[in-house]
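Visitor: I am new to this structure and would like to know what the terms used for it rest on. Could we go through it together?

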Amino acid sequence: MKRRNVVTIAIALIIILIGIIMISTVGFNKELRYKESQKIDIYINNEVEIGKIKEITDEVLGKQNLVQAVEIYKDMVTIRATSISEEDVGTIITKLKEIYTFDQTAEDTEIKNVPSTRIYDMFKDYITPFIISGVIIVAYMAIRYYKKGIWKVLARTICMPVLAELFLLAVIAIARIPLGRFTPVLVIGMYIASVMGVVVENEK
């Protein structure tokens with residue numbers, strides 16, 4: 001193995017180790033929609049403009065908040081943030097009534113606690129397809145490159161993608177990149193890149 005490859009692997013393993021420590025101590029950072037938070041529901045009885053409401057919530061709660069229209073006619077909104085105080089609720093209701101006419105008051109508005117979504121539940125729909133595609137690729141590599149030594153090919157085909165994914169997860173944990181809707185894209189992209197690397201190595 002070339003010295004450059006040894007150094008690259010050593011650096012990757014160090015990053016993975018740091019990532020494991022980060023995950024075991026502080027865990028992953030998640031998008032707001034998946035982390036423990038609080039929410040309020042406001043029935044406005046008019047079709048709302050999410051952009052205008054978002055401006056108000058950004059002013060009151062800071063940028064880290066989520067505004068969603070609910071109900072068929074988009075006349076009710078859910079506002080979600082890491083923390084919402086009764087004072088925040090009062091300010092939001094007051095500012096909304098400057099734009100819309102509705103009956104709900106701050107006293108009528110309940111602050112609800114939203115539990116954190118488990119990482120497994122966030123990505124469970126991707127697990128089975130990912131495993132199936134992995135088994136198919138391993139079987140293909142074993143058949144396609146069996147003359148190069150089946151155990152060597154199998155080890156390379158399994159270890160390279162696994163290390164690549166661990167490296168990616170470590171970087172996500174260290175850099176505090178939020179886990180969320182775009183995480184599967186990163187994981188799949190890294191998987192494809194690592195499989196292409198396996199093909200290149202097997203073709204040598």
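Here is a short talk about salt bridges, exposure and pockets.

Guide: A word on the source: this is a predicted model, where local features need pLDDT of at least 70, side-chain atom pairs count only at pLDDT 80 or more, and totals for chains, interfaces and linings use all residues. Residues are numbered from 1 along each chain as its sequence is written, and side-chain values use heavy atoms, with hydrogens and water left out.

Visitor: What makes Lys112 and Asp41 a salt bridge?

Guide: The term asks for a side-chain nitrogen of Lys or Arg within 4 Å of a carboxyl oxygen of Asp or Glu. In this pair the closest N and O atoms are 3.2 Å apart, so the pair counts. Lys112 sits in strand β4 (residues 112–114) and Asp41 in strand β1 (residues 37–43), 71 residues apart; strands are DSSP runs of E, at least two residues long, while helices are runs of H or I of at least four, both numbered from the N terminus.

Visitor: Why is Asp41 called buried?

Guide: Its relative accessible area is 16%, and buried means under 20%, exposed over 50%, and partly exposed in between (1.4 Å probe, protein chains only). Asp41 therefore counts as buried. Its partner Lys112, at 32%, is partly exposed.

Visitor: Which salt bridges does Asp58 form?

Guide: One is with Lys54, with the closest N and O atoms 2.6 Å apart. Those two are four residues apart in helix α2 (residues 50–61), which means about one helical turn between them. Asp58 also meets Lys63, at 3.9 Å from N to O, so that pair falls within the cut-off too.

Visitor: Why is Lys63 called exposed?

Guide: Its relative accessible area is 67%, which is over 50%, so the word fits. Lys54, at 23%, is partly exposed.

Visitor: How many salt bridges does the structure hold?

Guide: There are nine. Glu31, Arg33 and Arg181 are linked in a network of them.

Visitor: What makes a space a pocket?

Guide: On a 1 Å grid over the protein atoms alone, a pocket is an open set of points with protein on both sides within 12 Å along at least five of seven lines, and lining residues have an atom within 4 Å of a point. The largest pocket has about 850 Å³ of space, the volume being that filled by probe spheres set on the points, which are joined across faces, edges and corners. Of its 22 lining residues, those closest to the centre are Asn5, Ile9, Met160, Leu163 and Glu201.

Technical notes: On a 1 Å grid over the protein atoms alone, a cavity is a set of points where a 1.4 Å probe fits but cannot get out, and a pocket is an open set with protein on both sides within 12 Å along at least five of seven lines; lining residues have an atom within 4 Å of a point.
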